[in-house]
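Trainee: I am new to this structure and would like a close look at one part of it. Please start there and then show me how the rest connects.

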Amino acid sequence: KETTQKIAGRIVEWIRNIFSRKGADAPGATLRITLSQPVFTYNGNVQMPAVESVRAGDMILDRDEYTVSYSDDNSRNAGKYTVTVTAGEGKQIVSGTAGYTIEEADITAVDAGTLSFAYDGRIHKPTVRSVKAGLLKLRSSDYNVVYLNRNSAKAGKYFAKIKGKGNFCGAVLVAYTIGKAVNTLAVHGKT
């Protein structure tokens, strides 16, 4: 308990000094926080950085001199999050914040099944079988498929664009073709 009082006293003394120099608002009475990793890429799991160091003025605080809280204890989805560190006791409390980001994962592979069709006068389009971002397999709600040529019935080359959404970003362009019609001509000879 004596050690805890010494530690708390060290921070409280620092806060008092700031308050006495800068007044009741004490804009300089904030903690500077260094995070282990400020940027993550979505992987489907909860991801939160560790607090590497906390500085109160020129002092580096020990881990037992402050508390840490996260804006979302379940930070799994792509977005921006905040870590708040608080030190001191009673009315002599000081805090600081640091942000971290979970970025969307890029689409890396698409299996669109059959990419070559024989001309028969009907519209043909490939059917997306699977989309991946690294090792993650996306659900159909994680991407959009846009066929860039709506009327793909004639012989030619066409494209489908598979674009990530939500926790996924990037796009993959898939080419598919419809072959020319084959003429079958029967020749009947005279006998």
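Trainee: Let me begin with one pair of strands: in which sense do β2 and β7 pair, and over how many bridges?

Mentor: Happy to help! The strands β2 and β7 pair in the parallel sense, and three bridges join them. Two strands count as paired if DSSP finds at least two bridges between them. You can find this pairing by looking for Val-39, which stands opposite Thr-101 in β7.

Before we go on, keep in mind that this is a predicted model, in which local features need pLDDT of at least 70 and side-chain atom pairs count only at pLDDT 80 or more, while totals for chains, interfaces and linings use all residues. Residues are numbered from 1 along each chain as its sequence is written, and side-chain values use heavy atoms, with hydrogens and water left out.

Now let us widen the view around your pair. β2 and β7 belong to an open sheet of four strands, in the order β2-β7-β6-β5, with mixed pairing. Its edge strands are β2 and β5, each of which pairs on one side only. On average, neighbouring strands of this sheet are turned by 25° against each other, direction ignored; the axes are lines fitted to C-alpha atoms, for helices over the stretch in contact, and angles run from 0 to 180 degrees between N-to-C directions.

Aromatic rings are also worth a look here. Phe-40, Tyr-70, Tyr-81 and Tyr-100 form one aromatic cluster. Rings of Phe, Tyr and Trp (its six-membered ring) pair if their centres lie within 6.5 Å; planes under 30 degrees apart count as stacked, over 60 as edge-to-face and the rest as tilted. By this rule there are six aromatic pairs. In one of them, the ring centres of Tyr-42 and Phe-168 are 5.3 Å apart and the planes stand at 80°, so this pair is edge-to-face. Tyr-42 sits in the loop between β2 (39-41) and β3 (51-56), and Phe-168 in strand β15 (residues 168-169), so the pair ties together parts that are 126 residues apart in sequence. Both Tyr-42 and Phe-168 are buried. Tyr-70 and Tyr-100 make another edge-to-face pair, with 6.4 Å from centre to centre and 80° between the planes. Because Tyr-70 lies in strand β5 (residues 66-70) and Tyr-100 in strand β7 (residues 92-103), this pair ties together parts that are 30 residues apart in sequence.

How covered are these two rings' residues? Tyr-100 is buried, with a relative accessible area of 1%, whereas Tyr-70, at 22% relative accessibility, counts as partly exposed. Buried means under 20% relative accessible area, exposed over 50%, and partly exposed in between (1.4 Å probe, protein chains only).

From here we can turn to the core. In the largest nonpolar core, which has 35 residues, Leu-31, Val-51, Val-85 and Ile-162 touch the most other members. Such a core is a set of buried Ala, Val, Leu, Ile, Met, Phe, Trp, Tyr and Cys residues joined through side-chain atoms within 4.5 Å. The elements giving two or more residues to this core include β7 from your pair, along with β3, β14 and β16. Leaving out residues up to four places away in sequence, Val-51 touches Ile-33, Thr-34, Leu-35, Tyr-66, Val-68, Val-83 and Val-85 (contact means heavy atoms within 4.5 Å).

Ile-162 leads us to other strands. It lies in β14, opposite Val-145. Strand β13 (residues 143-147) and strand β14 (residues 156-164) pair in the antiparallel sense over five bridges. β14 is also joined by eight bridges to strand β16 (residues 171-179), again antiparallel; there, Lys-161 has Leu-173 in β16 as its bridge partner.

Just before β13, Asp-142 is placed in the loop between β12 (136-137) and β13. Asp-142 counts as buried, at 10% relative accessibility. Not counting residues up to four places away in sequence, Asp-142 touches Lys-163, Gly-164, Lys-165 and Phe-168, and that last residue is the ring partner of Tyr-42.

Finally, step back to the protein chain. Its secondary structure comes to one helix and 16 strands, where helices (H or I, at least four residues) and strands (E, at least two) are DSSP runs, numbered from the N terminus. Of its 191 residues, 31% count as buried. Among contacts between residues at least 6 apart in sequence, 52% join residues at least 24 apart.
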